[in-house]
Amino acid sequence: MEDGSKQAEVRSWLAAAVRQRAGLCVLTGAGMSAESGIPTFRDALTGYWAQFDPMALASEPGFRTHPQRVWDWYAERRAGVRAAEPHAGHRALADFARRHPGVLTLVTQNVDDLHQRAGNVDTLRLHGDILDDLWLDPCARQVRGGKVCDPAWAEAGCPPACRECGNLVRPGVVWFGEHLPLRALDAAQRAAGQCALMLVVGTSGAVWPAAGLAGQARAAGAKVVVLNPAPSELDGTAHLVLRGTAACTLPALLA
Ligand code: NAD
């Protein structure tokens with residue numbers, strides 16, 4: 001099928017989805033932010049995992065072993081996120097949500113805040129928020145029943161640490177081996193099970209349970225469309241694959 005007729009087909013599914021509450025579920029991955037200048041994880045030349053060992057930089061044992069190295073890596077990524085701007089694809093999703101209230105559930109694996117800054121403030125964030133600070137361990141003061149100890153009070157450092165017990169501050173992302181935030185995951189699974197159309201944008205489909213949402217939507221009777229410039233592990237789950245980028249294709253699709 002030609003690209004033009006594929007897009008026309010997706011637009012007809014979209015028109016059907018718009019008539020239904022929560023009819024459209026969009027799942028985004030790192031590729032969604034690539035055109036804003038934030039590197040993906042798995043792209044062969046530009047992805048982070050082409051240069052770094054994921055377990056050393058994105059796991060709790062990795063942080064405990066080399067806290068400063070991991071903190072510095074996240075500090076650099078945080079600076080990249082703060083400097084980045086939402087692109088036309090982010091804006092098209094926010095615009096769609098404004099025009100069709102109650103239709104779109106936006107689920108992201110991204111830890112940046114570009115969907116939120118574009119206007120999708122209720123995006124379900126499956127992998128946390130890179131700009132958020134958390135304690136690595138329960139703080140000693142709280143364990144004793146004392147007042148909540150806020151990471152913002154930590155003594156400056158790389159990473160910052162609690163003055164009283166030495167507890168370290170860590171970024172608020174979900175690392176390898178950690179659980180996803182239950183409420184966001186539950187809401188995402190509900191949306192996948194209810195929608196008429198699931199659009200999967202810029203994800204390799206290699207990270208679970210997020211990758212399972214597409215199969216869940218298809219099993220429940222939804223049309224599934226993958227938008228990605230390269231093959232992904234979810235192509236086989238999709239009724240239709242669009243080869244394109246988020247910034248170029250989403251505005252045309254959602255207009
Ligand atoms: P991934 O790196 O595994 O895959 C990225 C995918 O995006 C690839 O399939 C690639 O072909 C595609 N892609 C590249 N450029 C694109 C473009 N312009 N438009 C559309 N698609 C494009 O990323 P993933 O599947 O999201 O992996 C999951 C993990 O990556 C998540 O845990 C997420 O937290 C993390 N991550 C997030 C960010 C971010 O917040 N921006 C950045 C890197 C990684």
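**Figure 1. Two domains contribute to the shell around the ligand.** In this predicted model, domain 1 and domain 2 each supply at least three residues to the shell around the ligand. Domain 1 consists of residues 1–38 + 85–127 + 180–255, and domain 2 consists of residues 41–83 + 131–173. With 3 residues, helix α2 (residues 31–34) provides the largest share of this shell.

**Figure 2. The ligand is surrounded by 26 residues.** Gln109, Asp112, His127, Thr203 and Ser204 are the closest of these residues. By residue class, the shell comprises 10 nonpolar, 12 polar and 4 charged members. The space that the ligand takes is the largest pocket.

**Figure 3. Polar atoms of the protein lie beside nitrogen and oxygen atoms of the ligand.** In the side chain of Asp112, an N or O atom is 2.7 Å from a nitrogen atom of the ligand. The side chain of His127 likewise places an N or O atom 2.7 Å from an oxygen atom of the ligand. At Ala246 the partner belongs to the backbone: a polar backbone atom is 3.0 Å from a nitrogen atom of the ligand. The ligand taken alone exposes 860 Å², and the protein buries 94% of that area.

**Figure 4. A cis peptide bond joins Cys158 and Pro159.** The omega angle of this bond is about 0°. Pro159 is placed in the loop that runs between α8 (140–143) and β5 (169–173).

**Figure 5. The peptide bond from Trp208 to Pro209 is cis.** Here omega is near 5°. The loop that holds Pro209 lies between β6 (197–201) and α10 (212–219).

**Figure 6. Ala22 has a positive phi angle.** The value of phi at Ala22 is near 55°, and this residue is not a glycine. Ala22 is found in the loop between helix α1 (3–18) and strand β1 (24–28).

Definitions and conventions. Residues are numbered from 1 along each chain as its sequence is written. This is a predicted model: local features need pLDDT of at least 70, side-chain atom pairs count only at pLDDT 80 or more; totals for chains, interfaces and linings use all residues. Side-chain values use heavy atoms; hydrogens and water are left out. A residue is near a molecule or strand if one of its heavy atoms lies within 4 Å of it. A polar contact is a pair of N or O atoms within 3.5 Å; within protein, one must be able to donate a hydrogen and the other to accept it, and residues adjacent in sequence count only if both atoms are side-chain atoms. Accessible areas come from the Shrake-Rupley method with a 1.4 Å probe; for residues, only the protein chains shown count as cover. On a 1 Å grid over the protein atoms alone, a cavity is a set of points where a 1.4 Å probe fits but cannot get out, and a pocket is an open set with protein on both sides within 12 Å along at least five of seven lines; lining residues have an atom within 4 Å of a point. A molecule sits in a cavity or pocket if more than half of its atoms lie within 2 Å of its grid points. Helices (H or I, at least four residues) and strands (E, at least two) are DSSP runs, numbered from the N terminus. Ala, Val, Leu, Ile, Met, Phe, Trp, Tyr, Cys and Pro count as nonpolar, Asp, Glu, Lys and Arg as charged, and the others, Gly among them, as polar. Domain bounds come from an automatic or database domain assignment.
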